[in-house]
Amino acid sequence: MIDFLIIGGGIAGVSAAARLSALGSVTLLEGEDALSYHTSGRSAAMFEQNYGKPSTIDLNKASRAFHEGAGILSPRGLMLLGSTDKAAEFAADQKQMQLDAISMSDAKSMVPILDEATVDRAAYHSAAWDMDTDKLMQTFVRMARQNGATVSTKLHVKAITKTDAGWGVHAGDQVFEARNLVNAAGAWVDEIATMAGIIPLGFTPLRRSMARIPAPGGHDVSNWPMMFGPGEEWYAKADAGALIVSPAEEDPTTPHDAFADDMVLAEGLARFEANVTEPVTRLLSSWAGLRTFSRDRTLVLGPDVGEPSFIWCAGQGGYGMQSSPAASQLLADLVSGTASELPTDTIAALSPKRFT
């Protein structure tokens, strides 16, 4: 009998496995051929602690020491670009992200292709970092395995039954018995809940597309900050000598292996192009991921109200990588009855109880 059976091998599942493996036996099941196949493997890989709802920001802040200690972060910086017609959105983003206003001269010294015919204001701070997301995933997997956890791929969950002792999960051609079931299935969390006879909480997968383009004008982009437009209508970030650009769309969809929409991608690239002097001439590659949100766009962490042995680790949205150390620690604290270091109102904001 397993103490904790985790469904989902993205950042939510592997971080939960790392923490819960200190409390009991853990088995993690991933249906795909590899961990981090879906959204976790398609992350923009950025740590910006002021990004998200207040409870998410608290998780981000509480996660920073772990990321620094594990060598996950490297300098990047964050720059907001705007114009007169987007003044209100620019001001709101500047305040939310706690960015300092800078001159266009300073902005162009960092990103020389900015078009001052369009961009007339900029704000910046250095407190934003690239994340080595593969290293983060492997750090959690290593922690879990060192505590005796089993991590298995190619085991798609077919059925879930409630038993006297806990749960019976049919995956592949095997049946797993567990005292507790941890739902970390990303875009599929409501489907897993329904399969287990648990009332779904109403999660929505939102598609976000990404294009990888050659370095504009042949520039060395390695030290350029991440750039984004007011209202997050696009963003761009250096990536291994090239640039990744996203239209930052949030199109509701169903759980599936996501792919980029060509028209949406073209519109987003056009919004990026409007801010720079170099045209986009070709794509190196494109992809999409599903950022899955709860109804209030806040993570859901902890035991289900109606069935405490069913544990939610869901709704990471676009914040899963950066918030994972603190989110997974809170999950373990809630399960073990240990006092959390997070504020009481933050814990309440993340609890499944808020939907009852």
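**View 1. The largest nonpolar core and its best-connected members.** In this predicted model, the largest nonpolar core has 59 residues. Which of them touch the most other members? They are I6, L20 and L301. As for where the core's residues come from, α1 gives the largest share, with seven residues. There's also another core, lying apart from this one: it has 30 residues, and M79, A187, A211 and W224 are among them.

**View 2. Helix α1, mostly covered.** Now look at the helix that runs over residues 11-20. How many of its ten residues are buried? The count is ten of ten. Reading along α1, the buried ones are I11, A12, G13, V14, S15, A16, A17, A18, R19 and L20.

**View 3. L20 and the residues it touches.** L20 is one of the buried residues of α1, and it is also one of the three core residues named for touching the most other members. Leaving out residues up to four places away in sequence, L20 touches F4, I6, V26, V182, L331, A332 and V335.

**View 4. L301, tucked into strand β19.** You'll find L301 in the strand made of residues 300-303. Buried or exposed? With a relative accessible area of just 1%, L301 falls under the 20% cut-off, so it counts as buried.

**View 5. The contacts of L301.** Skip the residues up to four places away in sequence, and L301 still touches L59, W312, C313, A314, A327, L330, L331, L334, L350, S351 and P352. Take W312 from that list: it sits eleven residues from L301 along the chain, and the two C-alpha atoms are 5.2 Å apart.

Note on methods
Residues numbered from 1 in each chain as written. Predicted model: local features only at pLDDT ≥ 70, side-chain atom pairs only at ≥ 80, totals over all residues. Heavy atoms only, no water. Buried < 20%, exposed > 50% of the residue type's maximum accessible area, 1.4 Å probe, protein only. Helix = DSSP H or I, 4+ residues; strand = E, 2+ residues; numbered from the N terminus. Contact = heavy atoms within 4.5 Å. Core = buried A, V, L, I, M, F, W, Y, C linked by side-chain atoms within 4.5 Å.
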